[in-house]
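Visitor: I would like a close look at a single part of this protein, with the terms spelled out as you go. Please take me through one pocket and then through whatever its surroundings lead to.

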Amino acid sequence: MQYSILVYAVFKLYLILNIYQQAHYQFKLYLKHFLINLLFYDLFPLVVLILGVLHNEFIVVLICSIYLCLFGLFYFISRVRLKFTKRILRGVLLCIPYLGIGFIPYVGPYLLLFIEFAIIPVLLLERGISKGLNVPYIKQAKRKLANYKGTVIAITGSFGKTSTKVLLNQALNLFSPTIATPKSYNTELGISRFVNESTDLNVFDHMILEFGASHKNDIRYLKKMKAPDVAFVTGIGYMHVETFGNLENIIAEKMSLLEGTRVAVLNFECSYIRQYTIPFNIHIISYGLHYGRYQARNIVGQEFDFYKEETKLGHFKTSLVGTHQLLNLTGILAYLCEFGYDLEILERAALAFQTEKNRLELKKMASYLVLDDSFNSNYEGFLEALNILKFHKGKRVLLTPGMVELGKYKKELFSNLVEYIATSADIIILTGYYQTISVYKKLKSYNKEVYLVRNFMEGYHLFLTLSGVYKNSMLLIENDVPDLYRVGLI
């Protein structure tokens, strides 16, 4: 029985490290996941272990051992696979000797059974080692940034920051060499990696840094790496409200980027930004669709007129999908126009601008369209994507696991979201039982065609079956909640 417990613990260790990684190595989220899932992860194995230990018959012990090993195999069923980074490999090496406690009589097997909690001292040790190793790495990046002579542009916001960064990088490179952090490298370590892997930063006139913030003072730590000359705030919403506590803390954190900068480019379409009182002098460049000094007006599909107050400055045709992507582009045009960049060059180049993959990316298949917004995880972006789906001529299908991290606002926002879904989609495919069951029940009350599936692949295969029946359909893939938020294996 001891050996089967050891096998079970090894399998479970994969799950533990996976969840720890998905929680960004934060113990609060890690513990929350395992406490919520305590009965699912540990009740059946505990019953089987007690039965196998207390029963002396060989056949019973054998059956219990096989069952325990097979149950452990289920821990490999995950949508997000574990990435074997240096940090995870360090964790594995530290955990290997720890598995030996399974051979301690009486106590050992039960410690391995509840290894997700028993392993915490080892994870704390790994965290301390990693923190110590990261200090010189971050200091190296800070030294390189201190020697940078060009203009530093920092972009933050609850949504739109990565898309704005990508578009701004393309626009500025039309005029002078510009470099930007790749993907979602928006943490202290991510920015350090970007800086340390770059050779001579001073060959670039502009450096664009994306600043992510999920806790209070995150922006302050990022600004210590390199104080920006220009600050973009793309929008403020309910992202990470669980970790911030309330919306007021989110607003204060995002707007703290402005302090110490020369120029701020602000999305005035967002009322939280528009109504925020800035307690210091700074050059404000405001933009929006209905508010702000610079505006995108007369939007028709993927085209719009660009205005400065009441003066039309140009007409832009793009390949961007959705009004909020046009809004992001408007902010970039506002900044460039304010500092005298040639708008005619931008007009000619705008059609070639592309956003990051999986952010409202329209993909044309043989007999259907896919609107891939799987990287999105914010409320406002979800509504925008639904608005695009709503006006599709054929069958409209939504595939989503819903939203997370809405905290105390969850009930109110979910209620609004369900109404939008009900009016925008003909068929709704929800992935994961526990996080979507409330949405499922509400949508059923609207007499909608709703399906509940275990994971994304099952949902996508269901859509492919449906698309054979409904030609010219559009599938909106909205959000991709990691396994950190899954409760159980469904």
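Guide: Helix 14 (271-274), helix 15 (323-338), helix 17 (379-390) and helix 18 (410-424) each supply at least two residues to the lining of the second largest pocket, and helix 17 contributes the most, with 7 residues. Helices (H or I, at least four residues) and strands (E, at least two) are DSSP runs numbered from the N terminus. The model is predicted, so local features need pLDDT of at least 70 and side-chain atom pairs count only at pLDDT 80 or more, whereas totals for chains, interfaces and linings use all residues. Residues are numbered from 1 along each chain as its sequence is written, and side-chain values use heavy atoms, with hydrogens and water left out.

The second largest pocket holds about 660 Å³ of space, and of its 26 lining residues Phe159, Glu269, Glu380, Leu383 and Glu384 are the closest to its centre. On a 1 Å grid over the protein atoms alone, a pocket is an open set of points with protein on both sides within 12 Å along at least five of seven lines, a cavity is a set where a 1.4 Å probe fits but cannot get out, and lining residues have an atom within 4 Å of a point. Grid points are joined across faces, edges and corners, and a volume is the space filled by probe spheres set on them. The pocket lining divides into 10 nonpolar, 12 polar and 4 charged residues (Ala, Val, Leu, Ile, Met, Phe, Trp, Tyr, Cys and Pro are nonpolar, Asp, Glu, Lys and Arg charged, and the others, Gly among them, polar).

Helix 18 also gives the largest share, 3 residues, of the lining of the second largest cavity, which has about 40 Å³ of space. Phe382, Thr400, Gly402, Met403, Phe414, Leu417, Ile421, Leu430 and Val439 line this cavity, and they divide into 7 nonpolar, 2 polar and no charged residues.

Helix 15 leads to the sheet, an open one of 9 strands in the order 2-3-1-4-5-6-7-8-9 with mixed pairing, where two strands pair if DSSP finds at least two bridges between them. Its edge strands, each pairing on one side only, are strand 2 (178-180) and strand 9 (311-317). Helix 15 packs on this sheet, touching strands that include strand 1, strand 4 (230-233) and strand 9, and its direction makes about 145 degrees with that of strand 6 (283-288). Contact means heavy atoms within 4.5 Å, while axes are lines fitted to C-alpha atoms, for helices over the stretch in contact, and angles run from 0 to 180 degrees between N-to-C directions.
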